[in-house]
Structure formats: C-alpha cells, structure tokens
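Hello,

Here is the structure we talked about. Please have a look, then read the notes below.

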Amino acid sequence: MANDLEGRVAVVTGGARGFGKAFGAALAHRGATVALIDLDGVAAQQAAEELGQRVFAFSADVTDADRIGAVIGDVAAAHGGIDILINNAGLHSAEYSRPVEAMGLAKVRRLFDVNVMGTIACTLAAVPYMEGRTDANILNISSSAAYGGSSYGASKMAVISMTITFARELAAKGIRVNAIAPGLILTDTIRAELPSETLARVKSSQFLTTLEGEERDIVEAMLYLTSDRARFITGETLRVTGGFAAGA
C-alpha cells in the first residue's frame, strides 16, 4: 500500500500536532501531497519541514471563512484540486470539558464556533475543488464524548449530525463524508492533562480493559475511510474506543 495515494491531494486542519500531524505523516508516506492548516502557523511549518517535501503548511483559523476559503483555493490551484479533506481542528482540552455554567457563554460559543462551524466552513470551502474527482472524500473528527453529557460532547455530536447531513447533500457531487469518534487515545496532550484516576476509570469502562488507545489506531481508521476500500461507506461514524462507547 506504500504509494496508493500517489497523485492525491489532502488538506488536514489542525495539522501542526497530535492527530493532524500524524494524519499528514501517514498520507504523505502513502504518496499524497498534504496541506497542513493550523492556527499556529509556526508549528505547522515545523511539522511540514519534518514530514518532507510532499507536505506544505498554512496558517488559518477555521472559523475565519474568508481566510479558509483563500487557503483552500490556493492549495487547489497549486495542485489541481483536492481529493481528501480531514476536518481535525478542534478545541478539546480540559478547559473545554467543564460544566456549561462554569465555562460561560463566550467560551461555549467559541467551542461550537471551532468544532462545528469550523468543520462546516472548511467543508464548504473545499467542495468546489473536490466535486467530480474520483473518490473524493471528507473525514470529520468527532469524539466518544459525543455519547456522554458535556458541552464538548454536544459539539462533537453536532459534528456527527453534520457528517450525515453533508453525506446526503454531497453524494450527488461524488463526495463521501464520514467521521471517526476516538475514545481515550493517549496523545501527549491527554497524557499531560488526564488524572491517573480518570484514565483508570475510562479503561475499566472499555471492553478491551487491558489496552490503551494509541494515535496509530486513529491513523489506521483514517487511512481506511479515506481510501477507495471504503468507497461504499458514507454518512457513517466509526467509533474507535476499545468498546467504551458501544453501550451508548
């Protein structure tokens, strides 16, 4: 499968670190040209330089529709279109997982602006450059928190709902739209923020209690859903949780 994405063009938001950087690395390794978009342009550039000549960096806030439209348009113009869009940018730290009353309206609004409206803005910007291309597809990153009860989870449930909406609306344009809902995946951010007792509690709620989710588990799910092996899959959310969300 080493060069199965040769000639394909992928855009990854939130691409400077975490899942986004890992997605960019995996796509480039398979032969794709990759544009990493991130609010932190310096970190995105560092990631692109680390990942190689197939990877390019752009600075943009996904809630700025004009800027996102310009960046995606530039990527499409430079490389002849867009085949894959991964809407990975999102707010997800402990700061945004507090009760609504504690967060306040402004912070909740920012959460939904990035996680939901940012996904919509990037999708709308990319569609004209994806329409009619062979197996063009969009992948949204939701969360197993969507099946729980928090404002963060509500924003990620909205991402799942918009995945279905866009899958229905874009099918006629030849664009598939799916999502991944990761469970507890031990990225550097999660390791730094998550109390050990919370980790133990979540693991005990998984069916696979002896395993810890790793970045590679989400990367493998991404590679499948964005490939032509998933050509008959659209409007779906793949939960990668070790069974944590299966009862929800």
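**Sheet, helices and cores**

Strand 2 (33–38) and strand 3 (residues 55–59) run parallel and are paired over five bridges. Keep in mind that this is a predicted model. Within that pairing, L36 has A57 of strand 3 as its bridge partner. Between the two strands the chain passes through helix 2 (residues 41–51). This β-α-β crossover is right-handed.

Now the whole sheet. It is open and has seven strands, in the order 3-2-1-4-5-6-7. The pairing is parallel. Which strands stand at the edges? They are strand 3 and strand 7 (237–240). Each has a single partner strand, so one side of each lacks a neighbour in the sheet. From one strand to the next, the twist averages 20 degrees.

At the strand 7 end, four bridges join strand 6 to strand 7. These two strands run parallel. P182 is bridged to V240 in strand 7.

Two helices on the sheet are worth a look. Helix 1 (residues 18–29) packs on it and touches strand 1, strand 2, strand 3, strand 4 (84–87), strand 5 and strand 6. The direction of helix 1 makes about 170 degrees with that of strand 2. Helix 5 lies across strand 1, strand 4, strand 5 and strand 6. Relative to strand 4, helix 5 runs at about 180 degrees.

Next, the cores. The largest nonpolar core has 35 residues. I68, M130 and I175 have the most contacts inside it. Elements that give two or more residues to this core include strand 1 (9–13), helix 3 (65–79), helix 5 (105–130) and strand 6 (175–182). Which helix gives the most? Helix 5 does, with ten residues.

Take M130 in more detail. Neighbours within four places in sequence aside, M130 is in contact with I82, D83, I84, L85, A136, N137, I138 and I175. A second, separate core has 33 residues. Among them are A28, V34, M222 and L225.

One last residue: S151, in helix 6. Is S151 buried or exposed? Its relative accessible area is 6%. Buried means under 20%, so S151 counts as buried. Leaving out neighbours within four places in sequence, S151 is in contact with Y96, R98, V100, M103, L111 and F112.

Best wishes

Note on methods. Residues are numbered from 1 along each chain as its sequence is written. This is a predicted model: local features need pLDDT of at least 70, side-chain atom pairs count only at pLDDT 80 or more; totals for chains, interfaces and linings use all residues. Side-chain values use heavy atoms; hydrogens and water are left out. A nonpolar core is a set of buried Ala, Val, Leu, Ile, Met, Phe, Trp, Tyr and Cys residues joined through side-chain atoms within 4.5 Å. Buried means under 20% relative accessible area, exposed over 50%, partly exposed in between (1.4 Å probe, protein chains only). Contact means heavy atoms within 4.5 Å. Two strands pair if DSSP finds at least two bridges between them. A crossover is right-handed if, with the strands pointing away from the viewer, the path from the first strand over the helix to the second runs clockwise. Axes are lines fitted to C-alpha atoms, for helices over the stretch in contact, and angles run from 0 to 180 degrees between N-to-C directions.
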